[in-house]
Amino acid sequence: MNICKRILPSRLSYSHALASYKASFSFFHSSPDTSIQVHSEEQEVVIALGSNVGNRLNNFNEALTQMKKSGLQITRHACLYETEPAYVTDQPLFLNSAIRATTKLGPHELLSVLKKIEKEMGRTKGIRYGPRPIDLDILFYGKYKIKSETLTVPHERIFERPFVMAPLVDLLGSDVDHDTVLHWHSFSKKGGIFESWEELGGESLIGKDGLRRVLPVSNRLWDWSKKTSVMGILNLTPDSFSDGGKFESIADAMSHVQTMISQGVDIIDLGAQSTRPMASRISVAQELDRLIPVLERVLKLPEMEGKMISVDTFYSEVALEAVKKGAHIVNDVSGGTMDSDMLNVMGKLNVPYVVMHMRGDPHTMQNVENVKYDDVCKEVGDELYERVRIAELHGVPAWRIVLDPGIGFSKNTEGNLEILMGLKRIREEIGRKSLGVSRVPLLIGPSRKRFLGEICGRVSGVERDPGTVAAVTCGVLGGANIVRVHNVGDNVDAVKLCDSLLDQVGR
């Protein structure tokens, strides 16, 4: 029989509940324990993941797959962290993360499932705190405290380990979404999980002291906080709004790629379908015919060593084929809304996925109803998070997500300006539901957009390059991590200056 200690329920508002359970803290821990039997009622759990042997990321992916097969419905993923080993320091660096899931497994049944997965993946007893291909620990199980010979929940020493606390905080929102989460906060002796994290050092620990937040791309772990990345646009279309028809031949496309590389580009974004307002949609076959020959040639360039290739598509079949050929990132302007299979495919591809905000599609996005907002930053944040939430349920972890607020897509001039000035606010709105998702890389794409022409009185796209530099500068200083631009050279310089300014103030 599984005997658990149940913590008494409290109100949902974190700010109000925090004061409530601080005032009655001794009551939670000194009142007589209520013993109950855990039956098959669905419970929400938090499980920590760690690995430092073999292909660490593949180990995570395999563990997630096996957990799903064993009766866990994974609902949220933390960011991914590369961390220095604790306790036994003479061993390789770890990857750490955590997930939230629901399950009808009892706590000891769940423990048995996790131990079985560890064993099947090569985990042996070995040295305590020593190297392991996978480590799966139950941090929380529903609203319960559990103490038995084989299981302690909350996990012992949870609140003293930054490599556990950072992913745990990611799984929460600054707003408490239900009373189970409030119980998790009550388990901390410091007044809440957020307070425990702050006492350890909080966000100031990220990027130093052996704790890096990273995004896996290609064969490396990308720490996007160190510098702003420039994504250079290569449109292989006859009808894009700015440079349609310029790079339809492979020779012209390759020449432009080499120019962008010489100017310092970090990512090449290949697009074979126009998404300008009212653009005609082409078929999957047509898009692939335009895209694949150039993609294959770009991948063969020696100068692409250390660079990334992104494919701008909303078709799942194009994404699948491009990644098979070697593309590193999928950039989807629809966030999975224009192809019903896109999220299923992305859940299996294991590459970064750019989720952009757009209402409607290129034919309808600038309709009156789609550009109407009461609070553009709040609504963009809410709607972007909803797309990510659905993506996570399809198996796309937060540690592979890049966010794009969609400048120029279902926004008017005023809305675009509010977004450029409100990137921090968008992150905060997302953070109310998921702090982890609010911390993923943020991409902006103001380059040569119509609103710049309206403000600056510039008709042609290329005349909007100075305005683009100003918009990029504003965005980077406001928190953007990636800028998508046509004119790479000028914007590389702008980004370097912005990064230097941010470094001066400690980012």
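A salt bridge is a side-chain nitrogen of Lys or Arg within 4 Å of a carboxyl oxygen of Asp or Glu. In this predicted model, Asp135 and Arg123 meet that criterion, because their closest N and O atoms are 3.1 Å apart. The pair joins distant parts of the chain: Asp135 belongs to strand S7 (residues 135-141), whereas Arg123 sits in the loop between H4 and S7, twelve residues apart. By the rule given above, the count comes to 31 salt bridges.

**Glu118 and its surroundings**

Arg123 also forms a salt bridge with Glu118. The latter residue is part of helix H4, which spans residues 107-120. Glu118 is buried, because its relative accessible area of 3% falls under the 20% cut-off. Leaving aside residues up to four places away in sequence, Glu118 touches Arg123, Ile134, Asp135 and Leu136. With Leu136 there is a polar link as well, since the side chain of Glu118 reaches the backbone nitrogen of Leu136 at 2.7 Å. Asn59 lies 59 residues from Glu118 along the chain, and the C-alpha atoms of the two are separated by 9.9 Å.

**The network and its exposure**

The two salt bridges of Arg123 belong to a broader arrangement: Lys115, Glu118, Arg123, Arg132 and Asp135 are linked in a network of salt bridges. Within this network, Asp135 is buried, because its relative accessible area is 15% and the limit is 20%. Arg123 has a relative accessible area of 22%, so this residue is classed as partly exposed.

**A salt bridge elsewhere in the chain**

Another salt bridge is formed by the side chains of Arg359 and Glu379. This pair, too, links distant parts of the chain, with the two positions 20 residues apart in sequence numbering. Arg359 is found in the loop between strand S16 (353-356) and helix H12 (376-393), and Glu379 is in helix H12 itself. Arg359 counts as buried because its relative accessibility is 15%. Glu379 likewise counts as buried, because its relative accessibility of 19% is under 20%.

The salt bridges described here are listed below with their N to O distances.

| Salt bridge | Distance between N and O |
|---|---|
| Arg123 and Glu118 | 3.3 Å |
| Asp135 and Arg123 | 3.1 Å |
| Arg359 and Glu379 | 3.1 Å |

Key. Residues numbered from 1 in each chain as written. Predicted model: local features only at pLDDT ≥ 70, side-chain atom pairs only at ≥ 80, totals over all residues. Heavy atoms only, no water. Helix = DSSP H or I, 4+ residues; strand = E, 2+ residues; numbered from the N terminus. Buried < 20%, exposed > 50% of the residue type's maximum accessible area, 1.4 Å probe, protein only. Contact = heavy atoms within 4.5 Å. Polar contact = N/O pair within 3.5 Å; in protein donor to acceptor, adjacent residues only side chain to side chain.
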